[in-house]
Amino acid sequence: QVQLVESGGGLVQAGASLTLSCAASGRTFSSYAMGWFRQAPGKERELVAAISWSGGNTDYADSVKGRFTISRDNAKKMGYLQMNTLKPEDTAVYYCAAKWSTSSARYYTARYEYNYWGPGTQVTVSS
């Protein structure tokens, strides 16, 4: 098993930047693909970004491409989501998720594919 805890959320103005962190504990984090999801009030939880356990392959939601960057440091058991040029529509609770994977190159984009979730961190972007 792996336990996940997000941090770095907060209240910022539109155009600002934030970096979310995801600290993992438990089994070897390097064998887990990772994803960041978000859920706004009244909406479904949606994928923001995904990364393979090697870190070499990534995918992004169209709404964040060019603004957000997902990364990881397996030695530190950490995942990150760098968010630039934030918009009010980015306001949501952000969750990191992990899935054990036999492939170092594969990332996962569907909620149901992930086995482990953090409790979430709130990001609020004011206009």
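Reader: Which side chain does a polar contact of 2.8 Å join to the side chain of aspartate 90?

Author: Good place to start, and please keep in mind that this is a predicted model. Aspartate 90 sits in the loop between strand S8 (78-83) and S9. From there, a polar contact of 2.8 Å joins its side chain to that of arginine 67.

Reader: Is aspartate 90 buried or exposed?

Author: Let's use the cut-off: a residue counts as buried when its relative accessible area is under 20%. Aspartate 90 has a relative accessibility of 0%, so this residue counts as buried.

Reader: Aspartate 90 also forms a salt bridge with arginine 67, so where does arginine 67 lie?

Author: In that salt bridge, the closest N and O atoms of aspartate 90 and arginine 67 are 2.8 Å apart. The pair links distant parts of the chain, 23 residues apart, with aspartate 90 in the loop between S8 and S9. Arginine 67 is buried too, with a relative accessible area of 10%. Its place is in the loop between S6 and strand S7 (68-73).

Reader: Which arginine in strand S4 (residues 32-39) pairs with aspartate 90, 52 residues apart in sequence?

Author: Side chains of opposite charge can pair when their charged atoms come close. Here the N to O distance of the salt bridge is 2.9 Å. The arginine lies in strand S4 and aspartate 90 in the loop between S8 and S9, so the pair ties together parts that are 52 residues apart in sequence. At 6% relative accessibility the partner counts as buried, and its name is arginine 38.

Reader: Which residues do salt bridges that share partners join into one network?

Author: We have met two bridges of aspartate 90: one with arginine 67, and one with arginine 38. Salt bridges that share partners make one network of Arg38, Glu46, Arg67 and Asp90.

Reader: How many salt bridges does a search of the whole structure find?

Author: Beyond those of aspartate 90, the search includes a bridge between arginine 111 and glutamate 44, with the closest N and O atoms 3.9 Å apart. For a salt bridge, the cut-off is 4 Å, so this pair fits. In the whole structure, the number of salt bridges found is six.

Reader: Is glutamate 44 buried or exposed?

Author: Arginine 111 is in the loop between S9 and strand S10 (116-117), while glutamate 44 is in the loop between S4 and S5. Arginine 111 is partly exposed, with a relative accessible area of 40%. Exposed means over 50%. Glutamate 44 has 64% relative accessibility, so this residue counts as exposed.

Reader: Which cysteine does a disulfide join to cysteine 22?

Author: A search of the whole structure finds one disulfide, and its S to S distance is 2.1 Å. Cysteine 22 lies in strand S3 (residues 18-26) and its partner in strand S9 (residues 92-100), so the pair ties together parts that are 74 residues apart in sequence. Both ends are buried: cysteine 22 has a relative accessible area of 0%, and 0% is also the value for its partner. That partner is cysteine 96.

Reader: What is the angle about the S-S bond?

Author: The link of cysteine 22 and cysteine 96 is right-handed. The angle about its S-S bond is 55°.

Reader: The backbone oxygen of which residue lies 3.3 Å from a polar atom of the side chain of serine 52?

Author: Serine 52 is in the loop between strand S5 (46-51) and strand S6 (58-60). With 0% relative accessibility, this serine counts as buried. Leaving aside residues up to four places away in sequence, serine 52 touches several others, among them Ala33, Arg72 and Tyr107. The backbone oxygen at 3.3 Å belongs to serine 104.

Reader: How many strands does the protein chain have?

Author: From the N terminus on, the elements run β-β-β-β-β-β-β-β-β-β-β. The chain has zero helices, and its number of strands is 11.

Reader: What is the radius of gyration of the protein chain?

Author: The C-alpha atoms fill a box of roughly 40 × 25 × 25 Å along the principal axes. Of the 127 residues, 43% count as buried. A compact globule with 127 residues would have a radius of gyration near 14 Å, which agrees with the value for this chain, 13 Å.

Notes
Residues numbered from 1 in each chain as written. Predicted model: local features only at pLDDT ≥ 70, side-chain atom pairs only at ≥ 80, totals over all residues. Heavy atoms only, no water. Helix = DSSP H or I, 4+ residues; strand = E, 2+ residues; numbered from the N terminus. Buried < 20%, exposed > 50% of the residue type's maximum accessible area, 1.4 Å probe, protein only. Contact = heavy atoms within 4.5 Å. Polar contact = N/O pair within 3.5 Å; in protein donor to acceptor, adjacent residues only side chain to side chain. Disulfide = S-S within 2.5 Å. Salt bridge = Lys/Arg side-chain N within 4 Å of Asp/Glu carboxyl O. Rg over C-alpha atoms; globule rule 2.2 N^0.38 Å.
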